[in-house]
Amino acid sequence: MTVIETAPPVASQRSSRAWRKLRANRGALVGLCIILFFGILALAAPVLPVPDPAATDWSAIRKAPSAAHWLGTDDLGRDILSRMIWGAQASLMAGVFSVAIAVVIGVPFGLVAGYFGGWVDQVVSRVTEALLAMPFLITAIALAAFLGPSLTNAMVAIGLSAMPIFVRLTRGQVLAVKTEDYVEGARSIGLGHVDIMVRYILPNAFAPIIVQATLTTATAIIAEASLSFLGLGQQPPAPSWGSMLNIAKNFLSQAPWMATWPGIAIFLVVIGFNLLGDGLRDALDPREA
């Protein structure tokens, strides 16, 4: 009983130490600032003083950046800055929600497989291995094509494609945690399987899942841009960085700015999530002092 009651303070101390280490990591802070910048832009898009991203201006087709249009215009005279800001909503939402789908579905399967073992573990592991044998992006494209072109279906396709990663990761963490003394103590006082898994195993196995979710968000953003580039994601005239690149590929010599800005935005956001993920990995590593 004493062992179980002393577990929460230890977890609190670990969280405090991890936060201090994260604040000391300049790369992670840079990544966090990049993510916050684009996140604030996406959330503030409806109130920012920018033109309608779908409004066309036939007198300003493919205009270079100027005082009237800071990032230039596209092939229909639409303001690229406005489309960039509104397109951030699609990209960030696709990254966050698709990873949320993968975590919500994958973590429970991995938790149950690792905890119970036996035939449950065998079935879940074999299905997971079969799914992992297929390339992530190819699976996402196939699912998106099957479900139909839309941002929602793209998020579902990306989430289901990323799910096996979290099943495998969670299973491995549970196998390591379930043999700890505090778990055995919880069993000895008669707690049920659900209580043990939710209260004692999952919280102590969640740090690597958080790191993986952060890194997978970057992959999901690239996947959403790829699906939109192929016409399987956000549908015109709604803006998306991937669809903007799809249009821009036809005007690289006449209007290179059409491809430059969405390409830079995707690069920065992906770098931001990777830097933050690397920082979280170092901060949450129990082997680091």
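A crossing of two helices is called left-handed if the near helix is turned anticlockwise from the far one by less than a right angle, and right-handed if it is turned clockwise. Keep that in mind for the pair of helices described below.

**The overall picture**

What you have here is a predicted model. The mean pLDDT of the protein is 89, and 93% of the residues reach at least 70. One stretch to treat separately is residues 1-9, where pLDDT stays under 50. For that stretch, the model has seven contacts beyond four places in sequence.

How many helices and strands are there? The count is eleven helices and zero strands, so reading from the N terminus simply gives α-α-α-α-α-α-α-α-α-α-α. Along the principal axes, the C-alpha atoms fill a box of roughly 75 × 45 × 30 Å. The protein has 289 residues, and 44% of them count as buried. If you take the contacts with a separation of 6 or more, 72% of them join residues 24 or more positions apart.

**The annotated spans**

The unreviewed UniProt entry places the feature "transmembrane region" at residues 27-48, 92-118, 130-148, 154-170, 205-223 and 259-277. Two of these spans, 27-48 and 259-277, look like this in the model:

| Span | Helix | Strand | Distance between end C-alpha atoms |
|---|---|---|---|
| Residues 27-48 | 82% | 0% | 29 Å |
| Residues 259-277 | 100% | 0% | 27 Å |

**Helix 4 meets helix 9**

Two packed helices are described by the angle between their axes and the distance between the axes. Helix 4 covers residues 80-116 and helix 9 covers residues 193-229. They pack at an angle of about 145°, and their axes are 8 Å apart. Is the crossing left-handed or right-handed? Helix 4 passes helix 9 in a right-handed crossing. Sorted by class, the residues in this contact are 18 nonpolar, six polar and one charged.

Now for a residue from each helix. On the helix 9 side, take isoleucine 221. Its relative accessible area is 1%, which is under 20%, so isoleucine 221 counts as buried. Setting aside neighbours within four places in sequence, isoleucine 221 is in contact with Ser91, Leu92, Gly95, Val269, Val270 and Phe273. You can also look from isoleucine 221 to isoleucine 158: they sit 63 residues apart along the chain, and their C-alpha atoms are separated by 9.4 Å.

On the helix 4 side there is glutamine 89. Is glutamine 89 buried or partly exposed? With a relative accessible area of 27%, glutamine 89 is partly exposed. Beyond its neighbours within four places in sequence, glutamine 89 is in contact with Ala42, Ala45 and Pro46. The C-alpha atoms of glutamine 89 and proline 239 are 9.0 Å apart, although 150 residues separate the two along the chain.

**Two spots in the loops**

The loops have a couple of backbone details to look at. In the loop between helix 9 and helix 10 (241-248) you'll find proline 237. A cis peptide bond joins proline 236 to proline 237, with omega at about 5°.

The other spot is arginine 62, in the loop between helix 3 (26-44) and helix 4. Arginine 62 isn't a glycine, yet it has a positive phi of about 50°. As for its surroundings, arginine 62 is partly exposed, with a relative accessible area of 33%.

Notes:
Residues are numbered from 1 along each chain as its sequence is written. This is a predicted model: local features need pLDDT of at least 70, side-chain atom pairs count only at pLDDT 80 or more; totals for chains, interfaces and linings use all residues. Side-chain values use heavy atoms; hydrogens and water are left out. UniProt positions are given in the numbering used here, feature names are shortened, and annotations may be inferred rather than shown by experiment. Helices (H or I, at least four residues) and strands (E, at least two) are DSSP runs, numbered from the N terminus. Axes are lines fitted to C-alpha atoms, for helices over the stretch in contact, and angles run from 0 to 180 degrees between N-to-C directions. Ala, Val, Leu, Ile, Met, Phe, Trp, Tyr, Cys and Pro count as nonpolar, Asp, Glu, Lys and Arg as charged, and the others, Gly among them, as polar. pLDDT is the predictor's confidence in each residue, from 0 to 100. Contact means heavy atoms within 4.5 Å. Buried means under 20% relative accessible area, exposed over 50%, partly exposed in between (1.4 Å probe, protein chains only).
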